[in-house]
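Let's walk through this model together, one element at a time. Please keep the sequence and the 3D view side by side as you read.

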Amino acid sequence: TEELLRQRDKLVLAGEMAAGVAHEVRNPLTSLNGFIQLIHETDSKHRTYTTIMLSELKRINDIVGEFLLLAKPQSLHMEIGLLEKVLSDVTLLFKTEGALNNISISLEPFQEPAYIQGDTNQLKQVFINLLKNSLEAMPNGGKIIITPKTTEDGFVDIFIKDNGVGISKALLSKIQEPFFTTKEKGTGLGLVIIQNILHQHQGSFVIYDSKINEGTTVRVRLPVINIS
Ligand code: ADP
Ligand code: MG
């Protein structure tokens, strides 16, 4: 419990920092980007520099974007819908990027319709972050399989299985900490965002199974709404 509390405190702190910094940084960033873009297009002499500046700015922008996601949304827009729709939308979103990286993504059919109550965009974000991680774990291509399963006690489980690099036992306890990343360009916020969103939906997330060089399976669990 103490460990959980410590985790929770860290999440809250990270969220507050995120909100503050991200909002302040957004505007100057946009104007900086605009002017550098202008120089980039009009001044060929310094293009080597402006190219780097633009790509570094994009990097900052990506990080700020993740910070903003981490900041607690003012109000969740909760609606009842089919989880299948959320998943097929997100899968479609990654089809091209997957294909470009030699990665196939397949969504297995639902055995029965799973209605859930949630904020569609936030829920999409959960699966976007997870698919991103799977893609990034497979630099030489591979396969992602998304399998839904309804449980006996009113939940729907979504398993996302990749055959990527896997996660070592030693790292398993660390990867859900804010800012922990093994990637050169990672922020270490993806899983934190997932935890936050699922917490707000009475759901949960676990690394279900992972083996080095074989792959990882994660499980997202959400309560289903009984429509009858
Ligand atoms: P980031 O992706 O920015 O590193 P995340 O919070 O999304 O941050 O993930 C934290 C770490 O968890 C990653 O750096 C990686 O080491 C590990 N990880 C998460 N998902 C996977 C996966 N599917 N396969 C291998 N490692 C993973
Ligand atoms: Mg990530």
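Strand 4 and strand 5 run antiparallel and are joined by seven bridges; strands (E, at least two residues) and helices (H or I, at least four) are DSSP runs, numbered from the N terminus, and two strands pair if DSSP finds at least two bridges between them. Isoleucine 145 has lysine 161 in strand 5 as its bridge partner. Four residues lie between the strands of this hairpin, where glycine 154 takes a positive phi near 85°. This is a predicted model, in which local features need pLDDT of at least 70 and side-chain atom pairs count only at pLDDT 80 or more, while totals for chains, interfaces and linings use all residues. Residues are numbered from 1 along each chain as its sequence is written, with chains lettered from A and ligands numbered from 1 in the order in which they are written.

Stay with strand 5 for a moment. Its side chains alternate: Val156, Ile158, Ile160 and Asp162 point to one face and are buried, whereas Phe155, Asp157, Phe159 and Lys161 point to the other and are not. Here a residue is buried if 20 or more other C-beta atoms lie within 10 Å of its own, exposed if 12 or fewer, and partly exposed in between, with C-beta atoms placed from the backbone. Strand 5 also runs antiparallel to strand 7, through eight bridges, and phenylalanine 155 has proline 223 in strand 7 as its bridge partner.

Now step back to the whole sheet. It is open, with five strands in the order 2-4-5-7-6 and mixed pairing. Strand 2 (103-107) and strand 6 (204-211) are the edge strands, each pairing on one side only. From one strand to the next, the twist averages 15°. Strand 6 pairs with strand 7 (residues 215-223) in the antiparallel sense over seven bridges, and phenylalanine 205 has valine 220 as its bridge partner in strand 7.

Helix 3 (residues 83-100) packs on the sheet, touching strand 2, strand 4 (142-150), strand 5 (155-162) and strand 7, and its direction makes about 170° with that of strand 2. Such angles run from 0 to 180 degrees between N-to-C directions, with axes fitted to C-alpha atoms, for helices over the stretch in contact; contact puts the C-beta atoms of two residues, placed from the backbone, within 7 Å. Helix 4 lies across strand 2, strand 4, strand 5 and strand 7, running at about 20° to strand 5.

Next, look inside. The largest nonpolar core has 37 residues, of which Leu70, Leu83, Val126, Phe127, Leu130, Ile193 and Ile194 touch the most other members; such a core joins buried Ala, Val, Leu, Ile, Met, Phe, Trp, Tyr and Cys residues through C-beta atoms within 7 Å. Helix 4 gives the most to this core, six residues. Among the buried residues of helix 6 are Ile193 and Ile194. Just after helix 6, glutamine 202 takes a positive phi of about 55°.

Finally, turn to ligand 1. Of the 21 residues around ligand 1, Asn133, Ala137, Thr181, Gly186 and Gly190 come nearest, where being near means a C-beta atom, placed from the backbone, within 6 Å. Helix 4 (120-136) and helix 6 (190-200) are the elements that give two or more residues to this shell, and helix 4 supplies the largest share, three residues.
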